[in-house]
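Let's take a walk through this structure together, one piece at a time. Keep the sequence and the 3D view open as you read.

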Amino acid sequence: MFHALADSTRRDIIGRVLREEQSVSELARRYEMSFAAVQKHVAVLERAALVHKQRRGREQIVHGNADTLRKAARLLDRYEQLWRHRAQAISDILSEDSGKSEKRTDK
């Protein structure tokens, strides 16, 4: 999922299809790349469950999957809390060590 989100074109595609479903053809007209390249971007997003396609006649309609994005956000929130806690623990240890050093130099 994060590999899929790492590319700015794919992030832009997700933003567009979350606001409004679009065909692959409509998406391809918005980018300075080939239709096949846009199809590949959509395929990466689909494998990551960030979008899904639905055939409507001759068109492939792309829909965004907000649930997967919410899962990613929750995961990132948990990692942020973990690292903030670890950073605070390191800060506390350094402050404690600094206080001990000051007591030793006072003697």
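How many salt bridges does a search of the whole structure find? The search finds 5, where a salt bridge is a side-chain nitrogen of Lys or Arg within 4 Å of a carboxyl oxygen of Asp or Glu. Before we visit some of them, a word on the model: it is predicted, local features need pLDDT of at least 70, side-chain atom pairs count only at pLDDT 80 or more, and totals for chains, interfaces and linings use all residues. Residues are numbered from 1 along each chain as its sequence is written, and side-chain values use heavy atoms, with hydrogens and water left out.

Let's begin with a helix. Helices (H or I, at least four residues) and strands (E, at least two) are DSSP runs, numbered from the N terminus. Helix α2 covers residues 8–19, and its 12 residues should span 16 Å at 1.5 Å a residue; the expected span is 1.5 Å times one less than the number of residues. The end C-alpha atoms of α2 are 17 Å apart, which agrees. At the start of this helix, a side-chain oxygen of Asp7 comes within 2.9 Å of the backbone nitrogen of Thr9. Thr9 is also one of the buried residues of α2, together with Arg10, Ile13, Ile14, Gly15 and Val17. Here buried means under 20% relative accessible area, exposed means over 50%, and partly exposed lies in between (1.4 Å probe, protein chains only).

Next, look at the sheet. Three strands form an open sheet in the order β1-β3-β2, with antiparallel pairing. Because β1 (22–23) and β2 stand at the edges with a single partner strand each, one side of each has no neighbour in the sheet. Two strands count as paired if DSSP finds at least two bridges between them. Between β1 and β3 there are 2 bridges, in the antiparallel sense: Gln22 stands opposite Val62 in β3, and Ser23 has Ile61 as its bridge partner.

On the other side of the pairing, β2 and β3 are joined over 6 bridges, again antiparallel. One of the partnerships puts Arg55 with Gln60 in β3. These two strands make a hairpin with 2 residues between them, and Gly57 in the turn has a positive phi of about 65°. Gly57 sits in the loop between β2 (51–56) and β3 (59–64) and is exposed, with a relative accessible area of 61%. Gly57 and Ala36 are 21 residues apart in sequence, and their C-alpha atoms are 19 Å apart in space.

Another loop deserves a stop. Ala49 lies between α4 (35–47) and β2, and its phi is near 65°, a positive value in a residue other than glycine. Most residues other than glycine have a negative phi. With 34% relative accessibility, Ala49 counts as partly exposed.

Now back to the charged pairs. Side chains of opposite charge can pair when their charged atoms come close. Arg56 and Glu21 form a salt bridge with an N to O distance of 2.9 Å. Arg56 belongs to strand β2 and Glu21 to the loop between α2 and β1, so this pair ties together parts that are 35 residues apart in sequence. Both residues are partly exposed: Arg56 at 42% relative accessibility and Glu21 at 32%.

Lys53 forms a salt bridge with Glu46, with 3.7 Å between the closest N and O atoms. Lys53 is partly exposed at 31%, and Glu46 is partly exposed at 31%.

A further salt bridge joins Arg84 and Glu80 (2.8 Å, N to O). These residues are 4 apart in helix α5, which means they are separated by about one helical turn. Arg84 is exposed at 56% relative accessibility, whereas Glu80, at 39%, is partly exposed.

Our last stop also touches helix α5. Met1, Phe2 and Leu76 make a nonpolar surface patch of about 260 Å². Patches are made of residues with over 30% relative accessible area and no salt bridge, with like charges joined within 9 Å and nonpolar side chains (Val, Leu, Ile, Met, Phe, Trp, Tyr) within 5 Å; accessible areas come from the Shrake-Rupley method with a 1.4 Å probe. Of the patch members, Leu76 is found in α5 (residues 66–106) and is partly exposed, with 47% relative accessibility.

How values were computed:
Polar contact = N/O pair within 3.5 Å; in protein donor to acceptor, adjacent residues only side chain to side chain.
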